[in-house]
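User: Hi! I am new to reading protein models, and I would like to work through this one with you. Could we take it step by step?

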Amino acid sequence: MVDRSTTKNSQKRSTKSRRALLVGGSASVFGALTIGTASATESITEGVRTLCSGTRYETPAYVREAPADGPTAVVLGGVHGSELSGIEAAHAVREWQFDQGTLVVIPEANAAAVRDQTYSGPHGDLNQQFPPAQTPTTEVARGIWTFLTEMDPDAVIDLHSSMGIWGSPRGPSGYGQAIFPSVSGNARAVTDRATTSLTDDLIVPSARYGGDYVFTVGNTLAGEHPRLIHKVAVDLECAGYLAEVTRYGTELATRTEWAEGVVDTLLAHHGITATPPK
């Protein structure tokens with residue numbers, strides 16, 4: 001289980017988040033909303049929403065809002081509970097500072113799978129439960145989707161890891177080191193630029209990782225499969241990114257650093273310039 005203390009964020013405070021106050025939902029999907037000032041900086045307000053409250057899938061979603069208006073982006077980790085780099089990266093992203101817009105972070109989206117450190121949860125692969133133009137097929141998928149819809153994001157970033165490297169003969173087959181963009185929201189053009197800068201910043205300077213580890217652009221996701229970013233492309237018609245780093249020949253710390261780099265780069269392309277806390 002990835003253990004995170006949320007005590008400091010569950011205490012009620014008086015400062016209110018405009019975005020958090022707009023979030024609604026039935027009690028069966030959402031729990032009580034806690035609104036407060038984020039620990040990283042006094043200029044950011046944070047609302048904590050409990051998704052799937054009272055169930056085995058209960059998990060916090062953090063709605064962090066800067067003082068200046070701007071775009072809304074959602075970052076998810078833990079759709080697959082054994083892919084730890086995305087979970088670690090999402091927890092780190094939640095502490096970042098930024099000057100404008102809203103950053104929504106769901107670090108452990110599939111809480112039951114994260115708790116057991118398994119790829120799938122009790123009802124199977126969560127990333128196969130979001131059919132485009134239809135109702136999600138499980139309670140946890142419906143809870144996540146209802147929340148995303150109400151957030152009305154400009155971009156959704158779904159963090160994953162894979163055994164192999166996309167398009168490389170090295171190691172097992174897999175999807176690592178690729179970002180798969182949605183067909184909507186200019187996501188493919190953004191991904192093309194992002195993968196170039198990620199390779200230049202994270203891979204080229206490394207003495208350990210060579211050409212096989214460069215970041216590449218994956219297939220465009222346009223609604224052919226019941227996966228989260230396919231549904232984002234069709235139903236929300238906004239930019240979506242399924243981001244994969246590889247587990248082949250890498251350590252968790254490296255994969256987490258790469259996943260954070262992916263989020264940082266994509267957020268910047270969507271108008272949210274974030275920095276880690278000092």
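Analyst: Happy to! A useful word to begin with is "buried", which means under 20% relative accessible area, while exposed means over 50% and partly exposed lies in between. Please keep in mind that this is a predicted model.

User: Is Gln177 buried or exposed?
Analyst: Gln177 is found in the loop between S7 and S8. Its relative accessibility is 0%. The cut-off for buried is under 20%, so Gln177 counts as buried.

User: What is the phi of Gln177?
Analyst: Most residues other than glycine have a negative phi. Gln177 is not a glycine, yet its phi is positive, at about 65 degrees.

User: Which residue in the loop between S2 and S3 has a phi near 50 degrees?
Analyst: The residue in question is not a glycine, although its phi is positive. It counts as buried, with 2% relative accessibility. The residue in that loop is Cys52.

User: Is Glu58 buried, partly exposed or exposed?
Analyst: Glu58 is found in the loop between strand S2 (45-51) and strand S3 (59-65). Leaving aside neighbours within four places in sequence, Glu58 is in contact with Thr50, Leu51, Cys52, Ser53 and Ala111. Its relative accessible area is 39%, and that value falls between the 20% and 50% cut-offs, so Glu58 is partly exposed.

User: What separation do the C-alpha atoms of Glu58 and Ala112 have?
Analyst: Along the chain, Glu58 and Ala112 are 54 residues apart. In space, their C-alpha atoms are separated by 8.2 Å.

User: How many Å lie between the end C-alpha atoms of helix H6?
Analyst: Helix H6 covers residues 187-203, which makes 17 residues. At 1.5 Å a residue, H6 should span 24 Å. The model agrees with this, as the end C-alpha atoms of H6 are 22 Å apart.

User: Where around H6 do its buried residues sit?
Analyst: The buried residues of H6 are Ala187, Val190, Thr191, Ala194, Thr195, Leu198, Thr199, Leu202 and Ile203. They cover an arc of only 160 degrees around the axis, so they are on the same side of H6.

User: Which elements do the buried residues of H6 pack against?
Analyst: There are strands and a helix among these partners. The buried residues of H6 pack against strand S8 (178-181), strand S9 (216-217), strand S10 (239-246) and helix H8 (252-269).

User: Which residue follows H5?
Analyst: Helix H5 (residues 139-151) has 13 residues and reaches 18 Å from its first C-alpha to its last, close to the 18 Å expected. Among its buried residues are Val140, Ile144, Trp145 and Leu148. The residue that follows H5 has a positive phi, near 50 degrees, and is Asp152.

User: Which element gives the largest share of the lining of the largest pocket?
Analyst: The largest pocket has a volume of about 420 Å³. Of the 26 residues that line it, the closest to its centre are Tyr119, Tyr175, Arg227, Leu242 and Glu244. Two elements, strand S7 (155-162) and S10, give two or more residues to the lining. The largest share, 3 residues, comes from S7.

User: How many residues of that lining are polar?
Analyst: The lining of the largest pocket has 7 nonpolar and 6 charged residues. The polar residues number 13.

User: Finally, what percentage of the protein's residues count as buried?
Analyst: The protein has 8 helices and 11 strands. Among contacts between residues at least 6 apart in sequence, 72% join residues at least 24 apart. Of the 278 residues of the protein, the buried share is 54%.

Definitions and conventions:
Residues are numbered from 1 along each chain as its sequence is written. This is a predicted model: local features need pLDDT of at least 70, side-chain atom pairs count only at pLDDT 80 or more; totals for chains, interfaces and linings use all residues. Side-chain values use heavy atoms; hydrogens and water are left out. Helices (H or I, at least four residues) and strands (E, at least two) are DSSP runs, numbered from the N terminus. The expected span of a helix is 1.5 Å times one less than its number of residues. Buried means under 20% relative accessible area, exposed over 50%, partly exposed in between (1.4 Å probe, protein chains only). The arc is that of the directions from the helix axis to the C-beta atoms. Contact means heavy atoms within 4.5 Å. On a 1 Å grid over the protein atoms alone, a cavity is a set of points where a 1.4 Å probe fits but cannot get out, and a pocket is an open set with protein on both sides within 12 Å along at least five of seven lines; lining residues have an atom within 4 Å of a point. Grid points are joined across faces, edges and corners, and a volume is the space filled by probe spheres set on the points. Ala, Val, Leu, Ile, Met, Phe, Trp, Tyr, Cys and Pro count as nonpolar, Asp, Glu, Lys and Arg as charged, and the others, Gly among them, as polar.
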